[in-house]
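Here is a walk through one protein model, taken a few residues at a time. Keep the viewer open and follow along.

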Amino acid sequence: MVHTFVILLNYHGSEDTKACIDSLLTLTNALTIVVVDNSNGLEEWETLKAYAKFVEVPFLSFEEGITSKFSNEKIVFIKAQKNRGFSAGNNIGISFALQQKAASNLWILNNDTIVLQNTLTALIKQQQQQPKTILGSKLLYFHDPKIIQAVGGVFNKRYYISEHIGEGLSAETPKSELPKIDYPVGASIFVSRDFVETVGLLDENFFLYYEELDWVYRAKEKGYIVDWCEDSVVYHKEGASIGSSYKKKKSYFSEVALFNSRQKFVKKHFGLNTMFYFATLLLLINRLRKGQLKLVMTIFKNTIHGN
């Protein structure tokens with residue numbers, strides 16, 4: 001039997017996390033939901049456990065670093081020792097899943113998403129047809145579900161910038177009319193157990209952003225390809241907790257995290273060359289025109305000193 005372990009990362013977003021779990025519990029697929037709580041303090045942790053008791057779903061809860069025996073509970077809550085970022089948080093859940101013989105596939109899913117009855121089934125079906133593939137879903141705006149947020153992204157190797165594919169188009173736009181993607185968007189990434197055992201965990205040097213593109217680059221070296229599943233629909237609330245909406249102005253935190261990860265990615269896979277610094281200069285000029293002086297100063301400092 002194909003058994004999927006779904007990894008959800010919670011960071012002060014328990015209401016979104018509970019809604020996401022509610023949608024996952026309607027699926028008929030064999031699955032285990034692993035929630036890693038990256039939040040400060042214990043309030044979110046206790047809230048999530050209370051929710052599981054309320055909906056009367058068998059669950060297991062333990063703190064990172066403490067061994068706890070899994071007995072096929074539907075939900076597993078793991079409290080991270082501290083917030084070390086998106087990659088590190090998800091790696092906690094992935095590592096737990098790999099310890100379980102039942103885990104066939106792993107589905108990294110944003111906690112601010114809602115899935116449909118066929119969302120996971122479609123991913124499993126395509127993965128069986130394309131076993132050496134890292135798959136993404138069709139992401140639709142939760143508050144405007146007739147519009148695509150993204151089906152994946154492309155990376156411009158000349159200017160070292162990434163861009164979402166399909167953003168703003170009708171949800172009915174067929175896959176055949178869209179260009180191929182370079183990477184799946186991190187809100188929904190589906191991989192096999194073999195993928196993680198071959199490629200490795202997410203690189204924890206990336207606190208937020210570019211971790212999925214780095215995973216893809218490493219995967220391609222092992223013979224894997226990247227694709228997205230047209231029938232796997234995920235409604236996404238656009239990363240409200242960190243201010244990373246693609247339809248609104250990004251927050252200062254989001255902008256800085258994006259640049260830092262971009263710099264790390266380029267350094268790792270291409271080296272920090274003249275074109276990278278030229279592209280950064282254009283970015284600084286653009287942000288200066290928008291009056292974002294604090295952001296410009298931070299990015300300039302990080303460019304000079306690294307991060």
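## Ground rules

Helices here are DSSP runs of H or I with at least four residues, strands are runs of E with at least two, and both are numbered from the N terminus. This is a predicted model, in which local features need pLDDT of at least 70 and side-chain atom pairs count only at pLDDT 80 or more, while totals for chains, interfaces and linings use all residues. Residues are numbered from 1 along each chain as its sequence is written, and side-chain values use heavy atoms, with hydrogens and water left out.

## Helix H3

Let's start with H3, which covers residues 86-98. The expected span of a helix is 1.5 Å times one less than its number of residues. For the 13 residues of H3 that gives 18 Å, and the end C-alpha atoms are indeed 18 Å apart.

How many of the 13 residues of H3 are buried? Eleven are, so the helix is largely enclosed by the rest of the structure. Buried means under 20% relative accessible area, exposed means over 50%, and partly exposed is in between (1.4 Å probe, protein chains only). Among the buried residues of H3 are Phe-86, Asn-90, Asn-91, Ile-94 and Phe-96.

## The nonpolar cores

A nonpolar core is a set of buried Ala, Val, Leu, Ile, Met, Phe, Trp, Tyr and Cys residues joined through side-chain atoms within 4.5 Å. The largest one has 61 residues, and within it Phe-195 and Trp-215 touch the most other members. Apart from it lies another core, of 31 residues, including Val-35, Trp-45, Ala-122 and Leu-135.

Trp-215 is worth clicking on. Contact means heavy atoms within 4.5 Å. Not counting residues up to four places away in sequence, Trp-215 touches a list that includes Ile-94, Ile-108, Ile-134, Phe-195 and Leu-202.

## Salt bridges

Side chains of opposite charge can pair when their charged atoms come close. The rule for a salt bridge is a side-chain nitrogen of Lys or Arg within 4 Å of a carboxyl oxygen of Asp or Glu. By this rule the count comes to eleven. One of them joins Glu-46 and Lys-49, at 3.6 Å from N to O. Both sit in helix H2 (residues 43-54), three residues apart, about one turn of the helix. Glu-46 is partly exposed at 41% relative accessible area, whereas Lys-49 counts as buried at 16%.

Asp-203 and Lys-268 form another bridge, with their closest N and O atoms 2.7 Å apart. Asp-203 is in the loop between helix H5 (193-199) and H6, and Lys-268 is in helix H7 (residues 252-269), so the pair ties together parts that are 65 residues apart in sequence. Asp-203 is buried at 14%, and Lys-268 is partly exposed at 42%. Over in H6, Asp-214 and Arg-218 are four residues apart, about one helical turn. Their side chains meet in a salt bridge of 3.1 Å, N to O, and both residues are buried. Salt bridges that share partners join Asp-203, Asp-214, Arg-218 and Lys-268 into one network.

## A charge without a partner

Glu-212 also lies in helix H6 (residues 211-220). What is the nearest side chain of opposite charge to Glu-212? It is Arg-218, 11 Å away, and Glu-212 is buried yet has no salt bridge. For charge, Lys and Arg count as positive and Asp and Glu as negative, while His and the chain ends are not counted. Leaving aside neighbours within four places in sequence, Glu-212 is in contact with Tyr-183, Pro-184, Val-185, Gly-186 and Ile-189.

## Two residues of H9

Thr-303 lies in helix H9 (residues 293-305) and counts as buried at 11% relative accessibility. A polar atom of the Thr-303 side chain is 2.7 Å from the backbone oxygen of Ile-299. Beyond four places in sequence, Thr-303 touches Phe-259, Gln-263, Tyr-277 and Thr-280.

Leu-295 is found in H9 too, and is buried at 3%. With neighbours within four places set aside, its contacts are Tyr-252, Glu-255, Val-256 and Arg-287.

## Positive phi in two loops

Asn-72 has a phi near 65 degrees, a positive value in a residue other than glycine. Asn-72 lies in the loop between strand S3 (59-63) and strand S4 (75-79), and counts as exposed at 62%.

Tyr-209 has a positive phi of about 80 degrees although it is not a glycine. Tyr-209 is in the loop between H5 and H6 and counts as buried at 12%.

How values were computed. A polar contact is a pair of N or O atoms within 3.5 Å; within protein, one must be able to donate a hydrogen and the other to accept it, and residues adjacent in sequence count only if both atoms are side-chain atoms.
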